[in-house]
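Colleague: Could you pick one part of this model and take me through it closely, along with whatever side-chain contacts go with it? I'd like the picture built up step by step.

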Amino acid sequence: MSLKRMIEYSMQDSNMTPGNLTVETIDDKQFYQLGSNLLESIEVALEAADDALDLDLDVERQGGNVINIRFRDRSVIVVNTQPPLHEIWVAAKSGGYHYRWAGTLSSPMWLDTKTGRELLGDLSEFASAQAGQMITIGLLQK
């Protein structure tokens, strides 16, 4: 089954319509680069939000592919790459989520395998809810 067909299949019960979805297949090296940029983007955005809003966040990288985000209320969000699956996993107060590659190298995108929602939008919502203030997480341009 092609990657595009797998994504369409994973989104069939979601509110997302794949329509003109263009997905570039990525290899392990590209996944590593994309995942590394994603994790760095999350760290930079959260550190900037912490500085600007005094959120008392603790953003810690573990083992190179895991970020633990600790909030003032002691809740945690964990973001990690899953290289064998080419997925990004997120654990937050609201639940656990798996995001699959669904973009192109020029327009990176990770979509939740159950809802079809976009990773950075979801992560911004999760972090905002746990911090009690609006946080926006975007991708660094490389």
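Modeller: Sure, let's do the sheet. A quick bit of vocabulary first: two strands count as paired if DSSP finds at least two bridges between them. Also keep in mind that this is a predicted model.

Here's the overall layout. Six strands make up an open sheet in the order β1-β2-β3-β4-β5-β6, and the pairing is antiparallel. At the edges sit β1 (58-62) and β6, each of which pairs on one side only. From one strand to the next, the twist averages 20°. As background, sheet strands pair through backbone hydrogen bonds, in either a parallel or an antiparallel way.

Now zoom in on β3 and β4. These two run antiparallel and are paired over five bridges. One bridge to look for is Q82 with E87, its partner in β4. The two strands form a hairpin with four residues between them. In that turn, H86 has a positive phi of about 55°, in case you want to check the backbone there.

Step across to β5 and there's another hairpin, with two residues joining β4 to β5. This antiparallel pair has six bridges. Two of the facing positions are handy landmarks: W89 stands opposite H98 in β5, and A92 stands opposite G95 in β5.

The β4-β5 pair also carries a charged contact. E87, which we just met as the bridge partner of Q82, forms a salt bridge with R100 through its side chain, at 3.1 Å from N to O. E87 is in strand β4 and R100 in strand β5, so this contact ties together parts that are 13 residues apart in sequence. Buried or exposed, this charged pair? Both R100 and E87 are buried.

There's a second salt bridge to look at around the loops. The D73 and K93 side chains meet at 3.4 Å, N to O. D73 is in the loop between β2 (66-70) and β3 (76-82), while K93 is in the loop between β4 (87-92) and β5 (95-101), so the contact ties together parts that are 20 residues apart in sequence. Unlike the buried R100 and E87, D73 is partly exposed at 42% relative accessibility, and K93 is exposed at 61%. The 61% puts K93 on the exposed side because the cut-off for that label is over 50%.

How many salt bridges does the whole structure have? The search finds six. One of them joins D122 and R117, whose closest N and O atoms are 2.6 Å apart. D122 is buried, with a relative accessibility of 3%, whereas R117 is partly exposed at 37%. Add E125 and you have a network: R117, D122 and E125 are linked by salt bridges.

On to the rings, which bring us back to the sheet. The structure has four aromatic pairs. One of them is F31 with W110: the ring centres are 5.8 Å apart and the planes sit at 80°, so it counts as edge-to-face. That pair links distant parts of the chain, with F31 in helix α2 (residues 28-53) and W110 in strand β6 (residues 110-112), 79 residues apart. Since β6 is one of the edge strands, this is a spot where a ring from the helix pairs with one from the edge of the sheet. F31 is buried at 3% relative accessibility, and W110 is buried too, at 4%.

Another pair is Y97 with Y99. Their ring centres are 6.4 Å apart and the planes are at 35°, so this one is tilted. Y97 counts as buried at 18% relative accessibility; the buried label applies because 18% falls under the 20% cut-off. Y99 is buried as well, at 0%. Going back to F31 and W110, they don't stand alone: together with W101 they form one aromatic cluster.

To finish, stay with helix α2 for a moment. Besides F31, the helix contains V44, which is partly exposed with a relative accessible area of 38%. V44 and L140 are 96 residues apart in sequence, yet their C-alpha atoms are 8.4 Å apart in space.

Key
Residues numbered from 1 in each chain as written. Predicted model: local features only at pLDDT ≥ 70, side-chain atom pairs only at ≥ 80, totals over all residues. Heavy atoms only, no water. Phe/Tyr/Trp six-rings, centres within 6.5 Å; stacked < 30°, edge-to-face > 60°. Buried < 20%, exposed > 50% of the residue type's maximum accessible area, 1.4 Å probe, protein only. Salt bridge = Lys/Arg side-chain N within 4 Å of Asp/Glu carboxyl O. Axes fitted to C-alpha atoms, helices over the stretch in contact; angles between N-to-C directions.
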